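Let's take a walk through a protein fold together, one piece at a time. Keep the viewer open as you read, and turn the model whenever a new element comes up.

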Amino acid sequence: MPQIIDGKAISAQVKEELKEKVAKYKEQGIEITLAVIQVGSDPASCVYVNNKKKGCEFVGIRSLSYELPEETNQEELLSLIDELNNRQDVNGILVQLPLPKQIDEEVILNRISPAKDVDGFHPMNVGALCIGKPGFVSCTPYGVIQLLKRSGIEIAGKECVVIGRSNIVGKPMAQLLLKENGTVTIAHSKTADLKEVTKRADILVVAIGKPKMITAEYVKEGAVVIDVGIHRGENNKLCGDVDFDDVAPKCAAITPVPGGVGPMTIAMLLYNCVSSVELEF
Ligand code: NAD
């Protein structure tokens, strides 16, 4: 049987550590505040925003909630971001995606001060990651690194293959694995022979957005498989981009969906909020 990488337990461990750190900061008179902005009331976004606020409450971070109507225009959102950028008492600003179509996401994300960009999406933070400088790191791939490290999985020297090249998962994931001294390949929708590439992987990170696409024939015997995908399938059941039942018997370790990468994303958002106190820009 493979090692099942328990994202629920590891995220709980991270949050407990953060809770202690936040309490220490409070003793020194430092309060950490996250501003959470939601535009419209997309049901999935409401769930995510709510979970983020609950996470803040658990570790002792103050959260400020901005719930704007669906018809909010870009200028209105930009002026709220400017206001929050200028507030000394706000450490982090999070704009829940997706935004309504009248608003250009890139313009909004680029307006958030890099020093408050706890999602790690600003080009300055992305650039810092690429050249190995301190900055905020995108939460989901950062969470994957924590899962690997805290499960005792060595990255240095390993063949790491990331499937997916999105700005929020695939690309930062590859950079982080490189930083940990993995030998990294990025595969994507135009990769000529995907199986040939993925079968080289000692560590395979899958972020495609296609339910159960990765079956055993894509995986080398004894590989570590990390499934970033999340989909609601038949009977409302969650599944990932990896066909867990097919792949698991072949692996040394694998993340389940749910309970793998998912819980780590919020834990690392909270981690970024706490590190905002220490990071220098
Ligand atoms: P995306 O759609 O932006 O990117 C998907 C990537 O997969 C693209 O770069 C594309 O080149 C590649 N791809 C698509 N079809 C392919 C194919 N047939 N073969 C090889 N590569 C292919 O998606 P994303 O935002 O990176 O998210 C990926 C998955 O991760 C989604 O299921 C998403 O829901 C999930 N996700 C989960 C979390 C979490 O917290 N667990 C966070 C972010 C994303």
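What follows goes from the domains to the two sheets, and then to some local details. Please keep in mind that this is a predicted model.

Start with the overall division of the chain. Domain 1 covers residues 27-134, and domain 2 covers residues 139-263. If you place a point at the C-alpha centre of each domain, the two points lie 27 Å apart. Where the domains meet, five residues of domain 1 are in contact with five residues of domain 2.

How much area do domain 1 and domain 2 bury between them? The value is about 510 Å², and 73% of it is on carbon and sulfur atoms. On the domain 1 side, the residues to colour are Phe121, Leu129 and Cys130, which lose the most area to domain 2 and together make up 70% of what that side buries. If you go looking for charged pairs across this boundary, the count of salt bridges between domain 1 and domain 2 is zero. The count of residue pairs in polar contact between the two domains, with both residues at pLDDT 80 or more, is also zero.

Now turn to the sheets. As a reminder, strands of a sheet pair through backbone hydrogen bonds, either parallel or antiparallel.

One open sheet has three strands in the order β3-β2-β4, with parallel pairing. β3 and β4 are its edge strands, each pairing on one side only. Neighbouring strands here are turned by 15° against each other on average, with direction ignored. For a closer view of the pairing, follow strand β2 (residues 33-39) alongside β4: the two run parallel and are joined over four bridges. Valine 36 is a good place to stop, as its bridge partner in β4 is leucine 94. Helix α3 packs on this sheet and touches β2, β3 and β4, with its direction at about 180° to that of β2.

The other open sheet has six strands, and its order is β1-β11-β8-β7-β5-β6, again with parallel pairing. Its edges are β1 (3-4) and β6 (183-187), each of which pairs on one side only. Which strand pairs with β1? The partner is β11 (residues 253-254), in the parallel sense and over two bridges. Within that pair, glutamine 3 has alanine 253 of β11 as its bridge partner. Farther along the sheet, helix α7 (residues 170-179) lies across β5 (159-163), β6 and β7 (203-206), and runs at about 170° to β5.

With the sheets in place, look at the charged side chains. Side chains of opposite charge can pair when their charged atoms come close. The model has 11 salt bridges. One of them joins the side chains of arginine 62 and aspartate 89, at 3.1 Å from N to O. This pair links distant parts of the chain, 27 residues apart: arginine 62 belongs to strand β3 (residues 62-68), while aspartate 89 sits in the loop between α3 (74-86) and β4 (92-95).

Finally, some backbone details in the loops deserve a visit. Where are the cis peptide bonds at proline 98 and proline 258? Proline 98 is in the loop between β4 and α4 (105-111), and the bond that leads to it from leucine 97 is cis, with omega near 0°. Proline 258 is in the loop between β11 and α10 (262-275), where a cis bond with omega of about 0° joins it to valine 257. The last stop is lysine 212, in the loop between β7 and β8 (224-227). Although lysine 212 is not a glycine, its phi is positive, at about 55°.

Definitions and conventions:
Residues are numbered from 1 along each chain as its sequence is written. Side-chain values use heavy atoms; hydrogens and water are left out. Two strands pair if DSSP finds at least two bridges between them. Contact means heavy atoms within 4.5 Å. Axes are lines fitted to C-alpha atoms, for helices over the stretch in contact, and angles run from 0 to 180 degrees between N-to-C directions. Domain bounds come from an automatic or database domain assignment. Buried area is the accessible area (1.4 Å probe) that two parts lose on being put together, summed over both. A salt bridge is a side-chain nitrogen of Lys or Arg within 4 Å of a carboxyl oxygen of Asp or Glu. A polar contact is a pair of N or O atoms within 3.5 Å; within protein, one must be able to donate a hydrogen and the other to accept it, and residues adjacent in sequence count only if both atoms are side-chain atoms.
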